[in-house]
Amino acid sequence: MNTAAAPTPPSGLIIAAPASGAGKTTVTLALLRLLARQGMNVRGAKSGPDYIDPKFHEAACGQPCLNLDAWAMTPARLSSLATGDGTLVIEGAMGLFDGAPPQGKGAVADLARLFHLPVVLVVDAGRMAGSVAPLVSGFAHFDADVTVAGVILNNVGSDRHEAMLRRALAPLGLPVLAAMRRNKTLTMPSRHLGLVQAGERADLDQFLDRAADALAESLDQETLQTLLRPTPTKSAARRIPPPAQSITVARDQAYAFCYPHLLSDWRAQGAEITFFSPLADDTVPACDFLYLPGGYPELHAGRLAANRTFMDSLRKAAETTEIYGECGGYMTLGEVLIDAEGTAHQMAGLLRLETSFATRKLHLGYRDLTPLTGPFKTPLKAHEFHYATTLSAKGQPLFAAKDAEGNALPDMGLSQRNGQACTHGSFAHLIDLA
């Protein structure tokens with residue numbers, strides 16, 4: 001991979017699709033890797049609440065990837081995150097106009113309107129021919145403030161199939177930027193929260209190169225470059241205050257779901273942040289505040305329960321150190337975590353909480369949170385996405401909660417004093433100030 005980035009003016013575009021499953025992620029990764037190999041200064045961003053795809057973006061181009069969440073973030077926050085040198089490729093989530101009820105706020109179309117960036121529509125053409133034209137035409141003309149500037153056809157079966165698709169689209173006047181052939185080697189394995197994490201794929205570099213090669217076979221890169229538009233200039237945005245001066249964060253394959261902008265906010269306001277690995281059985285470092293992010297502790301529950309150095313030092317730290325756990329971190333702070341096979345694993349026992357994956361139930365949606373206690377003092381925007389069932393939760397709740405439509409939900413999370421300090425946690429992933 002060529003890491004010598006050529007000077008590139010700040011510009012960008014959005015990769016979107018009519019629906020989930022069209023191949024947005026594969027196309028985005030292919031484009032990022034291809035441009036990076038050519039020496040361009042390119043970076044990725046992901047629309048909406050997603051911890052997994054951004055790590056693939058980073059692997060593809062070697063640049064940090066941030067989330068741009070048009071439901072939870074203000075325009076100033078979004079613009080401040082999107083600002084930067086080089087070419088910005090934003091990957092959408094779900095369909096182009098799919099957002100939270102009742103009005104669809106948070107769709108990638110919101111970013112297109114805010115940033116005035118062009119949209120490249122990825123269409124899974126594997127089971128269509130002439131019908132591609134009304135589909136693309138409908139998306140192109142649905143909203144005058146959203147510019148669908150080009151199309152990438154995915155899952156094309158043959159030269160003949162491609163010719164049929166191109167003939168159907170020709171009257172629309174939109175450039176077909178690429179026609180990627182059906183390719184089983186570009187399938188990305190997934191699990192219940194999305195793709196298998198980037199760090200778990202030993203063949204990731206080979207996969208990214210294969211994807212870039214597949215895109216390069218038909219990409220009209222010259223036309224693609226003409227579509228790019230300037231990205232936002234930097235704007236001041238409110239930052240989430242750090243909960244303490246000295247913060248330690250769990251970071252490994254079990255606790256990988258942490259928004260970079262959250263840690264950047266804390267650092268910018270003077271907090272010192274260090275990391276450790278519960279999976280490696282590290283001792284919890286001395287600090288003022290311990291943060292256990294979300295992730296996949298359920299996949300490593302037996303190992304975590306057996307990691308005595310980590311567990312014993314976590315319980316010891318709880319006597320004098322404020323602790324906060326999100327989703328997977330929250331379950332780790334509880335008493336018992338039952339895995340998908342029905343095996344019960346003893347966790348830290350710092351919250352009176354029992355959770356189970358033996359019977360999965362999807363909990364999904366944006367949340368408006370009002371702190372009832374704990375380290376956060378102002379209302380927050382958050383997101384909940386997990387399959388755990390709460391068998392028992394006893395104690396002081398952490399947040400009052402509403403859904404995206406403003407409907408009141410049961411209080412979320414728990415807070416418990418252990419010695420001189422308090423331990424807190426909930427299933428909600430914090431995104432920004434309300």
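**View 1. Strands E19 and E25 run antiparallel and are joined by four bridges.** This is a predicted model, and we start with one pair of strands. Strand E19 covers residues 380-386, and its Ala382 has Leu430 of E25 as bridge partner. Zoom out a little and you find both strands in an open sheet of five, ordered E22-E21-E18-E19-E25, with antiparallel pairing. Who sits at the edges? Strand E22 (408-412) and strand E25 (429-433) do, and each pairs on one side only. If you ignore direction, neighbouring strands of this sheet are turned by 35° against each other on average.

**View 2. Four strands make up an open sheet with mixed pairing.** Reading across, the order is E16-E15-E17-E20. The edge strands here are E16 (344-346) and E20 (389-394), each pairing on one side only. From one strand to the next, the twist averages 15°. Look between E15 (residues 336-338) and E17 (residues 352-356): these two pair in the parallel sense over three bridges. At one spot to find, Ile338 has Ser356 in E17 as its bridge partner.

**View 3. Strand E13 pairs in the parallel sense with E11 and also with E14.** Three bridges link E13 to strand E11 (residues 246-250), while four bridges link E13 to E14. Keep an eye on Leu290 in this view. Leu290 of E13 is the bridge partner of Thr248, and Leu290 also has a bridge partner in E14, namely Ile323. Now check which way the residues of E13 point: Phe289 and Tyr291 go one way, Leu290 and Leu292 go the other way, and all of them are buried.

**View 4. Helix H7 spans residues 204-216.** Its 13 residues reach 18 Å from the first C-alpha to the last, close to the 18 Å expected at 1.5 Å a residue. Which residues of H7 are buried? They are Leu204, Phe207, Leu208, Ala211, Ala212, Ala214 and Leu215. Seen down the axis of H7, these buried residues fall within an arc of 160°, so they line one face of the helix. Among the elements covering them are H1, helix H2 (53-61) and strand E7 (176-181).

**View 5. Helix H11 (residues 308-317) holds Asp312.** Is Asp312 buried or partly exposed? Asp312 is partly exposed, because its relative accessible area is 42%, and buried would mean under 20%. Elsewhere in H11, Phe310, Met311, Ser313, Leu314 and Ala317 are buried. The buried residues of H11 pack against several elements, including strand E12 (272-276), strand E13 (289-292), helix H10 (301-306), strand E14 (322-326), helix H12 (328-333) and E16. For a sense of scale, try Asp312 and Leu219: they are 93 residues apart in sequence, and their C-alpha atoms are 55 Å apart in space.

**View 6. The largest nonpolar core has 143 residues.** Inside this core, the residues with the most contacts are Leu153, Trp266 and Leu314. Which helix gives the core its largest share? Helix H1 (residues 24-37) does, with eight residues. Now pick out Leu153 and set aside its neighbours within four places in sequence. Leu153 is then in contact with Val123, Ala125, Val132, Leu165, Leu169, Val176, Ala178, Ala179 and Met180. Leu314, another of the core residues with the most contacts, is one of the buried residues of H11.

Methods. Residues numbered from 1 in each chain as written. Predicted model: local features only at pLDDT ≥ 70, side-chain atom pairs only at ≥ 80, totals over all residues. Heavy atoms only, no water. Pairing = 2+ DSSP bridges. Axes fitted to C-alpha atoms, helices over the stretch in contact; angles between N-to-C directions. Core = buried A, V, L, I, M, F, W, Y, C linked by side-chain atoms within 4.5 Å. Buried < 20%, exposed > 50% of the residue type's maximum accessible area, 1.4 Å probe, protein only. Contact = heavy atoms within 4.5 Å. Expected span 1.5 Å × (residues − 1). Arc of directions from axis to C-beta.
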